[in-house]
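Subject: Two-chain model, handover and findings

Hello,

The structure we spoke about is below, and my reading of it follows. Please look through it when you have time.

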Amino acid sequence: MMKTNKGSLFFTVDTMIGALILVFTIIVVVSVYAEPFETREPRTILDNTVSFVTQQDMESLVNSHSFVYSNPREEFRNFRVHQKVAYLHEEESAASATSFVENITRLTVPDHLGVIYEVNGTIIFERDTGSGVENTQLSRSILTHYRNDSETFVGPLETRVMILS
Amino acid sequence: MNKKGVVFTIISLVISTILLVGFFSFLDLPVDSQTDSVLQKVGNTNTFLDQVENYIGDLIEVQGIIVLNELIDHARDNGQGSLSDAESVLLQCFNGTSSTISCSNITSELDELQEYSKNKLNIDFEYDITDLEFTQNSDTGAWNVMVNLYLDFDIDDDYASWNIENKNITRIVSIRNLRDPAYVNKSDQSAVTSYPEMNITGPRTVNFASGQNQFENITRNNQYIHYPGGVNFISRLQGTVELSDCCGLVSVVRPAITGEHGDCTTTSLASFYMRDEAYSGSDDMYLVNFSKLTSSQRSSLGVDEDNPGLQNATLPEGLLEYVGLNNSAHLDSC
C-alpha cells in the first residue's frame, strides 16, 4: 500500500512539473510574439512602399489600381510611379502630385503610421501618426529621372519616402 | 525512487526545447539603432542599384537621338565619307573623346549621377565607358537602331563594394523623323533645297490592290518605305552602299517634284545613294524611272501602263536587283 501511494505521488509530481514546464514555455513564446512590432512593421511598410513606387508602372496602375490613378489617356504609360510623381511635381502642379501620392499612401501605408514623401527636398505629401508622438523615422532614397520627350532628360532627382511610427 | 516518475518531465522538456528552438529561429529580434541605420543604408544602396541601369538606359536613348542629329549635321557639312565608321564615332561622342566632331556626350550626365550618389546617398559610383555597338538587324527593323553601351562600374558604400565589368546596357533608338543622312549629304546644296527634306517617317497603311500584300510598311508621297534590298540608315550615315534585307529604306518621290530636275518626270520610286562608286563615282542622286523599263519588264513587275505612279505600281521583292544597281539604264540622274 505504501509503495502504491509513493508511486502515485511521484506520478502526480512528475505530471505537474511537466505541465508547468510546458505552460512556462508557451507563456514565453506568446509574450515575445505579442509584443508590438515597433521596428519590424515600419521597415516592412517602407520596403513595400518603395517597391510599389519603383516597380509598378503607370500602365499597370491604370489597369489594376484605378482607384489610385485613373486616367485612361495617360501619356506616360511606361513611367514608374515615382517617375510620374516627379513629373507631376516638376512639370504640372504640386496639387496633382500631392493628390496622387496621397492615394498611393492610402494603399501602402496603414493609418497608424505616418508618412512623408519628398522630391528633391520638397515635401509632396505628409501625414502624421495621429498620436502626436513620432519616435521612429525610417527613410529610403530613390534615384529618380524621367524623359519629357525624345530629347529631354530630367534627372537625377531624389525621391525620399519616410515612414513614421 | 520510481524512474517512471520523471517520464512526463523529460517529455515536456523535450517538447519545450523543440518549441523554443522552432519559434525563436524565426524571431525578428528588436534592433538597436545602429542595426537600423545599417539596414537603411543597405536599402538605399539596393534601391540605387535597381534604378541605375534604367537611368543610364534612358540616357543612352536620349543622347542617341541628339548625337545622331549632330552626326547628320556633320555629314551635311563635311560631305560623304566623313563618318565612315559611325560606330567608333558614336563611341567617341558618348565618352567625350571625339576631337574631330562636335557632338554631345553622356559623361556630363553620368558625372552628375556620381555627384548625386555621393552627396545624397554616400555611395561612391565610378564608371568607365568601354565599348559601343551600333547596329540594325531584324530586331530593330528599318525604323530603329540598336545602341549597345558597355560600361565598367565600381559602386562602394561603407559596407560593401560592387565591381561590375563590361555591363551591357542596350536601347533601341527610333530614327523616325530624323533627316535622311544621304539626302542632306548632297554636295550640290541648291539641288537639295529644291526637294523637300524627306524626314524618315513611320509607315502608313496604304490600300493596294489584292495580291499586293507582300510589302512591309509601304508609304507614299515623299516618304520612305522599308524595302528589302534598300540602303539602311547606318549605311546612309556612313556613306556606304550596302543593301539590307531587314532594314533597307527607299524613298518615294512625287513625280511633280522630280520634274524640276532633269529627266525625272515620271519617276515614282527613288533610291538615294551617297557614294556613287557603283556608277560614275560622282555624288549624284539616282532615281528609278519606270518609263525606262521595257513594257514587258514593266508588265512583269506589274507596273500599270496607264498610271505608273506608286499607288498603282507593284513593287515586287528584288525590284532593285532587277533594275540592277550596276545597270544605270533604268536610272535617272537628277
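Between them, chain A and chain B bury about 3,700 Å², of which 63% is on carbon and sulfur atoms; buried area here is the accessible area (1.4 Å probe) that two parts lose on being put together, summed over both. On the chain A side, A:Asp14, A:Leu143 and A:Phe153 lose the most area to chain B, together 17% of what that side buries. The contact count is 40 residues of chain A with 44 residues of chain B, where contact means heavy atoms within 4.5 Å.

This is a predicted model, in which local features need pLDDT of at least 70 and side-chain atom pairs count only at pLDDT 80 or more, while totals for chains, interfaces and linings use all residues. Residues are numbered from 1 along each chain as its sequence is written, chains are lettered from A and ligands numbered from 1 in the order in which they are written, and side-chain values use heavy atoms, with hydrogens and water left out.

Confidence

The model scores ipTM 0.74 and pTM 0.69. For chain B the mean pLDDT (the predictor's confidence in each residue, from 0 to 100) is 67, and 53% of the residues of chain B reach 70 or more. Among the elements of chain B, strand β1 (residues 124-135) has the highest mean pLDDT, 93, and helix α6 (residues 189-194) the lowest, 33. Helices (H or I, at least four residues) and strands (E, at least two) are DSSP runs, numbered from the N terminus. Two stretches of chain B stay under 50: residues 201-222, with 51 contacts beyond four places in sequence, and residues 307-327, with 64 such contacts. Where pLDDT is low, the predicted coordinates should not be read in detail.

Chain A

Chain A has 5 helices and 4 strands, in the order α-α-α-α-α-β-β-β-β along the sequence. Of its 165 residues, 44% are buried (buried means under 20% relative accessible area, exposed over 50%, partly exposed in between; 1.4 Å probe, protein chains only). Chain A exposes about 8,700 Å², with carbon and sulfur atoms supplying 55% of that area; accessible areas come from the Shrake-Rupley method with a 1.4 Å probe, and for residues only the protein chains shown count as cover. Among contacts in chain A between residues at least 6 apart in sequence, 57% join residues at least 24 apart.

What surrounds A:Leu143, leaving aside its neighbours within four places in sequence? The contacts of A:Leu143 are A:His82, A:Pro156 and A:Leu157 in chain A, and B:Phe48, B:Gln51, B:Val52, B:Tyr55, B:Leu113 and B:Tyr116 in chain B. A:Leu143 lies in strand β3 (residues 137-149) of chain A and counts as buried because its relative accessibility is 2%.

Salt bridges

A salt bridge is taken as a side-chain nitrogen of Lys or Arg within 4 Å of a carboxyl oxygen of Asp or Glu. By this rule there are 11 over all chains, and 2 between chain A and chain B.

One of the pairs across the interface is A:Arg147 with B:Glu61, at 2.9 Å, N to O. The pair runs from strand β3 of chain A to helix α2 (residues 33-78) of chain B. A:Arg147 is buried, at a relative accessible area of 15%, and B:Glu61 also counts as buried, at 18%. A:Glu158 and B:Lys120 form a salt bridge as well, at 3.9 Å, N to O.

Within chain B, the side chains of B:Lys167 and B:Glu53 meet at 3.1 Å, N to O, in a salt bridge. These residues are 114 apart in sequence, B:Lys167 in strand β3 (residues 161-174) and B:Glu53 in helix α2 of chain B. Both B:Lys167, at 26% relative accessibility, and B:Glu53, at 36%, are partly exposed. Salt bridges that share partners join A:Arg147, B:Asp58, B:Glu61 and B:Arg171 into one network.

Other points in chain B

B:Ser117, in helix α4 (residues 107-121) of chain B, counts as buried because its relative accessibility is 0%. Not counting residues up to four places away in sequence, B:Ser117 touches B:Phe48, B:Asn122, B:Ile123 and B:Phe125.

Regards
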